[in-house]
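Please examine the model displayed below before reading on. The paragraphs that follow lead through its sheets, its helix packing and its backbone exceptions.

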Amino acid sequence: MPERKPQDNHVLLVEPQAMLRRTVALTARSLGMAQIHEAASIALARQILRQRPFDGAIIAVDDGDAVHDLGLLDQVRGGDSASSPHMPIAVMADNCTGEQLAQLKQRQVARVIVKPFRAKILLEALASLARQKTD
Amino acid sequence: MIAAPTPDNEAERLAALYALLILDTPREERFDRIVEFASTEFDVPIALISLIDSERQWFKSNVGLTACETGRDVSFCGHAIMRGDIMVVADAAADVRFADNPLVTASPHIRFYAGAPLITPQGHALGTLCIIDTRPRQLDDIEMAILSTLRGLVMQELQSPQGDADARAQTAG
């Protein structure tokens, strides 16, 4: 059976900032790291997650308030998506309290990325998700 | 100092630049957002879209400099357009091409420079998207790829009418 290449991995990136999202998607493609599917909002991501399977996801969970929106995580972990409920997920958050970190751990979040959000950090997280997928 | 050289296709290059009708036009948000992103992403005090005119480099977008242009002879970008890939000067003070350049020995005291040439499909290097720091540094492979991506976004904007860009901005998340 042929070995699966990193660029065959499909990863969902949920991030409202268009420049950051686009830069990560295009750079990941140019480096052959993964195929990034972009979602500008959690609502759009919810639909996309039901339409096709992914090998991983990077999700911005801030909703403009101090409260994290964990609905997408619950959707995946609860089996309400076309992906494995155990797919690796990294989360982006403006900040993260101890209580919030515990909530994320409970949902098997592989990595928490806090501000400042940089394309380089997201790409490194993407590489880390790909390694988890192959391990 | 080694003055910025002139490409063999200079006449055609300048014709391609002038055909864009972009020199000396006002700032535009579609370019500024890329340059501001580059400045933040790479944590540098200066980021520019520099277009190389016959005797000057003119900045279409500019973070961190008060000048809107400098002479072409002292420009780093004038060197960067001579090649297809990104030109990195890790420490200008230790580089014979730039060590006594007035942009290095005086304000803005450039030490690090990375310039991605803006090359049209016809092969004309119009200028660069560049990042500048006042301390020596390097770029790793991921950072080089990010700068190359941002260069591509600048080229998309240079080659698309303003109206298309506005429509994209409105539909983008």
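**Sheets, interface and backbone exceptions**

In chain A, Val11(A) stands opposite Ile36(A), a residue of strand β2(A). As the model is a predicted one, every value discussed here is computed from it. The pair belongs to the parallel pairing of β1(A), residues 10-14, with β2(A), in which five bridges are found. Helix α1(A) packs on the sheet that holds these strands, touching β1 and β2 of chain A, and its direction makes about 165 degrees with that of β2(A).

The full sheet of chain A is open and has five strands, in the order β2-β1-β3-β4-β5, with parallel pairing. Its edges are formed by β2 (35-39) and β5 (111-114) of chain A, each of which pairs on one side only. On average, and with direction ignored, neighbouring strands of this sheet are turned by 15 degrees against each other.

Chain B also contains an open sheet, here of six strands in the order β3-β2-β1-β6-β5-β4, and the pairing is antiparallel. The edge strands of chain B are β3 (69-71) and β4 (87-89), each pairing on one side only. Neighbouring strands in this sheet are turned against each other by 25 degrees on average, direction ignored. Within it, strands β1 (residues 46-52) and β2 (residues 56-63) of chain B pair in the antiparallel sense over six bridges. One position in that pairing is Ser50(B), whose bridge partner in β2(B) is Phe59(B). Helix α2 of chain B, residues 29-42, packs on the sheet and touches β1, β2 and β6 (125-133) of chain B; the direction of α2(B) makes about 75 degrees with that of β2(B).

The discussion now turns to the place where the two chains meet. The contact takes 14 residues from chain A and 13 residues from chain B. On the side of chain B that touches chain A, the elements giving two or more residues are α2 and α5 of chain B. Helix α5(B) supplies the largest share of that side, eight residues. By class, the residues of this side of chain B divide into six nonpolar, four polar and three charged.

Which helix of chain A has an axis that comes within 9 Å of the axis of α5(B)? The helix is α1 of chain A (residues 18-30), and its axis crosses that of α5 of chain B (residues 141-158) at roughly 115 degrees. The crossing of these two helices is right-handed. From α1(A), the contact is made by Thr23(A), Leu26(A), Thr27(A) and Ser30(A); from α5(B), it is made by Ala145(B), Ile146(B), Ser148(B), Thr149(B), Leu150(B) and Gly152(B). Classified by residue type, this helix-helix contact has four nonpolar and six polar residues, and no charged residues. An α-helix has 3.6 residues a turn, so residues three or four places apart point the same way.

Helix α1(A) therefore takes part both in the packing on the sheet of its own chain and in the crossing with α5(B), and its geometry can be checked against expectation. At 1.5 Å a residue, the 13 residues of α1(A) should span 18 Å, and its end C-alpha atoms are 18 Å apart, which agrees. Among the buried residues of α1(A) are Leu20(A), Val24(A), Ala25(A) and Ala28(A), and also the arginines Arg21(A) and Arg22(A). Thr23(A) and Thr27(A) are buried, and both are among the residues that make the contact with α5(B). After the helix comes Gly32(A), whose phi is positive, near 65 degrees.

Some backbone exceptions remain. Most residues other than glycine have a negative phi, and most peptide bonds are trans. In chain A, the peptide bond from Lys115(A) to Pro116(A) is cis, with omega near 0 degrees; Pro116(A) lies in the loop between β5 and α5 (119-134) of chain A. In chain B, the bond from Ser107(B) to Pro108(B) is cis, with omega near 15 degrees, and Pro108(B) lies in the loop between α4 (102-105) and β5 (112-119) of chain B.

Two residues other than glycine have a positive phi. Gln108(A), with phi near 55 degrees, is placed in the loop between α4 (98-106) and β5 of chain A. Because 14 C-beta neighbours lie inside 10 Å, Gln108(A) counts as partly exposed. Asp24(B) has a positive phi of about 65 degrees and is found in the loop between α1 (10-19) and α2 of chain B. With 11 other C-beta atoms within 10 Å, Asp24(B) is exposed.

Key:
Residues numbered from 1 in each chain as written. Chains lettered and ligands numbered in written order. Predicted model: local features only at pLDDT ≥ 70, side-chain atom pairs only at ≥ 80, totals over all residues. Pairing = 2+ DSSP bridges. Helix = DSSP H or I, 4+ residues; strand = E, 2+ residues; numbered from the N terminus. Axes fitted to C-alpha atoms, helices over the stretch in contact; angles between N-to-C directions. Contact = placed C-beta atoms within 7 Å. Left-handed = near helix turned anticlockwise from the far one by under 90°. Nonpolar A, V, L, I, M, F, W, Y, C, P; charged D, E, K, R; others polar. Expected span 1.5 Å × (residues − 1). Buried ≥ 20, exposed ≤ 12 C-beta atoms within 10 Å, placed from the backbone.
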